[in-house]
Amino acid sequence: MKSTHLSLIAGAAVLAAVTGFATVTAPGAPAETAAKPAALLPVERSSLVCPAPSGSDLAETRYTAFTPAGKGGEAGGVAELKPALPVVDDEDETDPKKAEKAEEAAKKAEKAEEAAKKAKEKAEKPVLAVKEPGKPVTAEADGAGAPALHGTASGGLAPGWTAQQTTEITAGGARGLFGVACTAPDTDFWFPGASTAKSRQDYIHLTNPDDSAAVADIELYGPEGALKSEVGDGITVPARSGVAVLLSTLTPDAVDLLTAHVTTRSGRVGAVVMSAEDGAGGDWITASDGPSGTLVLPGIPADATSVQLVAYAPGEDDADVKVRLVGKNATFSPAGNATLHIKSSMTAAVDLKDITRGEPGSLLLTPVRKERATPIVAALRVVRGKGGKQEVAYIPATAPVGARASVPDNGADDATLSLTAPGAAAEVKVTASAGSEGGEPVVETYTVKAGTTLAVTPKAPNGLKGAYALTVETTSGGPVHAARTLARAKGGVQMFTVQTLPDDRGTVEVPAARQDLSVLDD
């Protein structure tokens, strides 16, 4: 049965490359002989989901997908994002007047069947398909009909595959620059900074990439604890479809800043929050990293006029954290807000005002007592401008860049890259890819001093045509946290959106068996 053991080894390697976890130990082998340093291998498959961009007829959306060059696995592969199926609205079926007319009902059923058939055919055609590493691809969609997307990448196009959707709305109550990185489907998400206030319209978008329905629960936590809700449980997300849930319909309580928690009972989803605010535009709120005792929130713009920190402690213990700004030249505690107490299962918010005072910065949260590092989640609500020219964006706590991270959809002069080294100094390599329609890549190297934030305007690719991607790699030193800000001035409003750059998880550790299993018999 030697072939069986060989298949086990090969199967474990594939499992790790796809899922990120596998272990092989020879039967009966001692622990000291079974252990062996794991090998880093490129992932062989990646999944992404993108929410439906907007319900506004004025929306202009650009989707961008990208796989970085280098560190790829096997040659070839596929990386496609396809439209999610629309969720059928059955509201009119309950209208008594229409129900009385059998003929009209039959015609409507026939039209619905035809529409479903066309939607399914459309859903089989990819909106975006990356053809080669190192070159982004784009697609555009206008109006309220732009679809949610889902898809997978395989082979040499899987490691580091990423996508972004950027929507510009220049008028109306939902005006703003809405940018969001498409996310990997998961089962657990935390969203500090969401709201059920009357001045806010916050929708949680749930997108299911799989062939069977997913069932999700949404819990809301305010300053006094859990909010009463009887309709946030058991939300069905049909296969390969998206559902948007208005948070204010889940509870009678109007809360300015709260924390939303999304979990799934079955299946997996991508989850993000679209927030629109009266008089201040809006943006997407992406999930916070953690829960963790130490968090970094990178990329606060130098000209921020208001910064609010929102944090939540999901465990049984209260949390006491130090609040520090990692600035251009040093790390320091803001006057009057050096610490924050967060009660268990309650959301805490603090107004840090114009904390950056003309210089770029990032927020660092650490436990007051190292021996009591209570896990928390956190996000920032950031405002640029004043009065009727305000624009808002959100920055979640994020993991370090690690080996590599990428962010697509940069223009010739609209991007700012923020690099933060909260501990030791670090050196990073930043690659501006070829443009989607032409151009040559450009590579720059930056040193980030210990305890500082460095904000740079990336050099665009030579001869740039279209949009390009930025890839950040940590080459030496301590951890680096990064964020990219896109900014566009429209009608006197400094519209902006911020995306963080956590490690792209383009490689996984595959444990190797020290003992040669090929010589073992059953």
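Which element gives the most to the lining of the largest cavity? Strand β17 does, with three residues. This is a predicted model. The protein chain holds four helices and 38 strands. Of its 522 residues, 49% are buried. Among contacts between residues at least 6 apart in sequence, 82% join residues at least 24 apart.

**The cavity**

- The count comes to one cavity of 30 Å³ or more.
- The volume of the largest cavity is about 50 Å³.
- Its lining includes Val-49, Cys-50 and Pro-51. Ala-181, Cys-182 and Thr-183 also line the cavity.
- His-205 and Thr-207 are lining residues too, as are Gly-270, Ala-271 and Val-272.
- Three elements give two or more residues to this lining: β2, β11 (200-207) and β17 (270-277).
- By type, the lining residues divide into seven nonpolar and four polar, with no charged ones.

**The disulfide**

- A search of the whole structure finds one disulfide.
- The bond joins Cys-50 to Cys-182, with an S to S distance of 2.0 Å.
- Cys-50 sits in strand β2 (residues 45-50), while Cys-182 sits in the loop between β9 (176-181) and β10 (188-194), so the pair ties together parts that are 132 residues apart in sequence.
- The torsion about the S-S bond is about 105°, so the disulfide is right-handed.
- Cys-50 has a relative accessible area of 1%, so it counts as buried.
- Cys-182 is buried as well, at 8%.
- Both cysteines also appear in the lining of the largest cavity.

**The nonpolar cores**

- The largest nonpolar core has 30 residues.
- Within this core, Leu-309, Leu-340, Ile-342, Leu-363, Leu-365 and Leu-380 touch the most other members.
- Apart from it lies another core, of 27 residues. Among its members are Ala-216, Ile-218, Leu-250 and Val-269.
- Leu-365 has contacts beyond its neighbours within four places in sequence. They include Gly-293, Thr-294, Leu-295 and Leu-297.
- Leu-365 is also in contact with Leu-309, Lys-322, Val-323, Ile-376 and Ala-378.

**Pro-314, in a loop**

- Pro-314 lies in the loop between β20 (304-312) and β21 (319-326).
- Is Pro-314 buried or partly exposed? Its relative accessibility is 25%, so Pro-314 counts as partly exposed. The cut-off for buried is under 20%.
- Leaving aside neighbours within four places in sequence, Pro-314 is in contact with Trp-190, Pro-291, Ser-345, Pro-375 and Ile-376.
- Ile-376 is also among the contacts of Leu-365.
- Thr-347 is 33 residues from Pro-314 in sequence. Their C-alpha atoms are 9.2 Å apart in space.

**Gly-179, in a strand**

- Gly-179 is found in strand β9.
- With a relative accessible area of 3%, Gly-179 is buried.
- Which residues does Gly-179 touch, not counting those up to four places away in sequence? They are Gln-164, Gln-165, Thr-166, Asp-283, Trp-284, Thr-497 and Gln-499.
- Gly-179 and Thr-167 are 12 residues apart along the chain, and 6.3 Å separates their C-alpha atoms.

Methods
Residues are numbered from 1 along each chain as its sequence is written. This is a predicted model: local features need pLDDT of at least 70, side-chain atom pairs count only at pLDDT 80 or more; totals for chains, interfaces and linings use all residues. Side-chain values use heavy atoms; hydrogens and water are left out. A disulfide is a pair of cysteine sulfur atoms within 2.5 Å. Buried means under 20% relative accessible area, exposed over 50%, partly exposed in between (1.4 Å probe, protein chains only). A nonpolar core is a set of buried Ala, Val, Leu, Ile, Met, Phe, Trp, Tyr and Cys residues joined through side-chain atoms within 4.5 Å. Contact means heavy atoms within 4.5 Å. On a 1 Å grid over the protein atoms alone, a cavity is a set of points where a 1.4 Å probe fits but cannot get out, and a pocket is an open set with protein on both sides within 12 Å along at least five of seven lines; lining residues have an atom within 4 Å of a point. Grid points are joined across faces, edges and corners, and a volume is the space filled by probe spheres set on the points. Ala, Val, Leu, Ile, Met, Phe, Trp, Tyr, Cys and Pro count as nonpolar, Asp, Glu, Lys and Arg as charged, and the others, Gly among them, as polar.
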